[in-house]
Amino acid sequence: MMEQDYSQWEGVRAPDMTLPTLEGEEITLSTLRGKRVIIDVGGTYFWETRHIEELNALSLAGDLVVIAVSEEDPDTLRKFVADEGIIYPVVSQSGLPEPFGEGMFSAVRFFIDRNGVIQFAKSGEYDGAALVAAATADDFVGDVQEEIVAPRSGLLEGDHYFEVT
């Protein structure tokens, strides 16, 4: 699995969203302030049993919420949840705001601190120790951005990278 770079999202306040769980409840991200949040984006193809066991254990901590998100249909997800023994909320949802929607085609875990700030995000493989370390790290320190700041190219509107003939 190819690893993507999500470092531009570190220190950015996570966009608020409301997610419907397979059980019919709703989780609004902003209501989870004061708790650490892991949003595990991907799907059954990417969710490995060993990581599910680690996330199950982490979800039992009082100040940590794990949410798994996939675009797969609810019936497929319900079967997977039952077969794998997942105890944290699972969501069937498409059209998520950036950066969460970007992770649908790879496995990405977003770690959000107690203040609602994306502390870091990582695609690809995790070992158990790295997963626990990321989930229990101190809150983000630094200037919090309300949105990602794209680097400016220096071009003015109407300028082109190439000459049109």
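These are my notes on aromatic pairs and on one asparagine in this structure.

**Entry 1. The model.** I am working with a predicted model.

**Entry 2. Aromatic pairs.** I looked up how many aromatic pairs the structure holds. I found two. I noted for each the centre distance and the plane angle, since a pair of aromatic rings is described by these two values.

**Entry 3. Tyr45 and Phe46.** I took this pair to begin with. The ring centres of Tyr45 and Phe46 are 5.2 Å apart, and the planes stand at 85°. I logged the pair as edge-to-face because angles over 60 degrees count as such. I then checked whether each partner is buried or exposed. Tyr45 has a relative accessible area of 74% and is exposed. Phe46 comes out at 17%, so I put Phe46 down as buried, the limit being under 20%.

**Entry 4. Phe111 and Phe120.** I went on to the other pair. The centres of the Phe111 and Phe120 rings lie 5.2 Å apart, with 40° between the planes. That angle is neither under 30 nor over 60 degrees, so I entered the pair as tilted. Phe111 has a relative accessible area of 1% and is buried. For Phe120 I read 23%, which means partly exposed, as the value falls between 20% and 50%.

**Entry 5. Asn56.** I asked where Asn56 sits and what Asn56 touches. I located Asn56 in helix α1, which covers residues 49–59. Its relative accessibility is 12%; this is under 20%, so I recorded Asn56 as buried. Leaving out residues up to four places away in sequence, I listed Gly85, Ile86, Ile87 and Tyr88 as the residues that Asn56 touches.

Conventions
Residues are numbered from 1 along each chain as its sequence is written. This is a predicted model: local features need pLDDT of at least 70, side-chain atom pairs count only at pLDDT 80 or more; totals for chains, interfaces and linings use all residues. Side-chain values use heavy atoms; hydrogens and water are left out. Rings of Phe, Tyr and Trp (its six-membered ring) pair if their centres lie within 6.5 Å; planes under 30 degrees apart count as stacked, over 60 as edge-to-face and the rest as tilted. Buried means under 20% relative accessible area, exposed over 50%, partly exposed in between (1.4 Å probe, protein chains only). Helices (H or I, at least four residues) and strands (E, at least two) are DSSP runs, numbered from the N terminus. Contact means heavy atoms within 4.5 Å.
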